[in-house]
Amino acid sequence: MADTHSVIGTKNKKGQTFTDTWKMMNEAPRTPSFYTGSEVIKEALRRASCDVMIAYPITPQSEAAALIGELFAEGYIGDYFRGESEFAVMSQCAGAAFGGARVFTTTAGPGTMRAMENFPMWSGARLPIQMIVTCRGINSPLSIQPDTLEIAYLLNTGMLVWHAETAQDFFDWILMGYMVSEEPDVHLPLALCCDGFFVTHTKDVVNLTPADMCLPPYDPYRSPVPCMDMECPPVRMMRDPFVMKSNYISYATHASWQQEVWAAVERSRKHTIKWLNGLIETENTDAEVIIVASGTAVSQGREAIRLLEDEGIRCGLVKVKVLRPWPGEEIREATKNAKHIIVPEFNVTGWLAKEIKATIPNSERVHAGPRVCGGMTMPPEIIVSEIKTLLGMTTVSMATRG
Amino acid sequence: MSKERIKISEDLYDIMPSDYQDLVKSATYGKEDRGWKDIGNSKELIEQHSLCAGCPESMAFRYILASLPNPEDTVMVGSTGCTSLVFPMVAVHNIHSLFGNQNAIASGLKRALSVRFPGRTKDVVVLAGDGATVDIGLDMTLQAWFRQEKFTTICFDNELYANTGGQESGLMQKGFVAKMAPVGKLFDKVRLPEIARESGCHYVVQCTVSKPSLIEKVIKNAVMIAREIGPTYLQLYTPCILEIGKNSMEGLQEMRDSEKPTERFAYKEYISEPAKQLLAEMAAKDKEKKAAAKQLAAQGA
């Protein structure tokens, strides 16, 4: 007989009502609030029914990580502590997730790189941990400024990777992210990225869901792999695939498990489309020139489009919200009429342009730039200038702006 | 986990693996006085292993698993190395994730279990080699102790990297010639037991695994103290007979030779004041229970 027990409608110890997430996100009244990105992360976590959050200081995520500590002190989070390094923190997150907890953490730049060994392990162990990545420089000499290069390293870990443009994206996607991550046919970690400072340290109006509603708790027994809590029979469990066996069945086991992880990334597609209303957002895709971007570069693209409109040049926009699973089909369709595809990025290598080039026909249409890095801002004028050059129009030198 | 959970539906009994059937019929889940003497009389919580013939690590595994006070609610955390060849065959939940992060995993795990099962006992026991504990994972080993995380750390000290073929490790003796120590190791064996004491462990023992009764005692003490008070550390000599040039039958003698009072694995123990108090209380309760049982038996007679 089906289990009809449900916590929906009951209250947690803070008096918040466990609410059907779809209703909470799409039907409940929203209150406009003026918050920094870091404060928005805290407000999302207040509503996330999170069991364990593990923190470590690194700019620009330190403020958010500390604010969540305040939530713990208020009783909204099951447990919270500061780990000793990002490598340790991501392992502590894994331990908590293996033990059946809903887990949250935040990191940035060099921290992401230091912790890197953990991420394919998270995916391989099917741990639906949510990690906020507030991107910053990873180069030497030392930089704390915004730069999205670290996302390139996350793309092949088997994690879901989303790239928020605004604090509103952040608020909604943190809560929706758990719903996608924790689906039994997905059950993978999520790297929810944003551009550090631009999103974390600026204030914006964000429409918040009611503070007395929260997500239903995580049910670890819906996991496709056993939860390590000794609440189910443990006989000869092979949580790990065969190690160090040099035979065909061992290779086949490893191979099929890796394929399964990536198949789970694919299976997240339908859930992500439902919650995020598509993996991409588009405007004016019938234009000859289209800007394709993710993160803050989308906002700069919007400004550039406005400036171009003033000069009578029509330009379309594709906002790439989700990088894994990769919205290849959507981007192919959205750019099919474009003669020029402009990909502005906040990193030196242009990883987004490379992904797009590998996806669409006639990839010479892709213009991998403008790119800024190391904390430089991207004035919309340089996007405008780049587009006008591509169209064979003369542009005024940036230096003349005064 | 209640012992009821491992029962098999009658309809499915014949298709279940025989080691599962044995576990239901004759394992020691829930047996309060379980210990090393159950070995041979009941189903062990370890089903085969792929270690070398005569490896003292396999003895250590069997004694430890027989001695856990509460295996039905114990989760173990391992690391990469010879132990990771054994864990998939162990009938308690166990986690292998990366090399050296075992105490970080255990920290997160113990906290998650405390959040999810308030008021219930869920023991966490780490078991890893000396490379994982002292070299690559030292940071996380110590930090878990500083934070007073309530779990037991067991280090299988074989004084080298065995699984990768016998390279120098921090717990190797000074002067020992090994791979990556071509002119002999140049610095002393790291004194982790002393470091453990200074780092806040409430119970620290260094010994060999030559005596099963001793292993039973220290495992029970370590797990109970970790459950009630704070971190505990056991460093057990499990020589790699292969890499020190011994034969399969010589492991036990090697341990006996190394535990003599003047040798480097002479029994060493540290117990904090709160831990001493707990052990005294446990001993008193045990005595009371035995007296009551004796009285009951006398009445029955």
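Let's start with the domains of chain A: the assignment gives domain 1, residues 17–222, and domain 2, residues 281–401. Please keep in mind, everyone, that this is a predicted model. If you take the C-alpha centres of domain 1 and domain 2 of chain A, they lie 28 Å apart.

So how many residues does each domain of chain A put into the contact? Domain 1 of chain A brings 22 residues, and domain 2 of chain A brings 20.

Let me stay on the domain 1 side for a moment. Three elements of chain A each supply at least two residues to the side of domain 1 that touches domain 2: helix H7 (149–154), strand E7 (160–163) and strand E8 (190–195). Which of them gives the most? That is E7(A), with 4 residues. As for the chemistry, this side of domain 1 of chain A has 13 nonpolar residues, along with 6 polar and 3 charged ones.

Now, on to the neighbouring topic, chain A with chain B. Here 37 residues of chain A are in contact with 38 residues of chain B. On the chain A side, the elements giving two or more residues are strand E3 (52–55), helix H4 (86–98) and helix H6 (118–124). If you want to find the largest share on your screen, look at H4(A), which contributes 8 residues to the side of chain A that touches chain B. And by class, that side of chain A divides into 20 nonpolar, 8 polar and 9 charged residues.

That's my tour of the two contacts; thanks for listening, and I'm happy to chat.

Note on methods: Residues numbered from 1 in each chain as written. Chains lettered and ligands numbered in written order. Predicted model: local features only at pLDDT ≥ 70, side-chain atom pairs only at ≥ 80, totals over all residues. Domains from an automatic or database assignment. Contact = placed C-beta atoms within 7 Å. Nonpolar A, V, L, I, M, F, W, Y, C, P; charged D, E, K, R; others polar.
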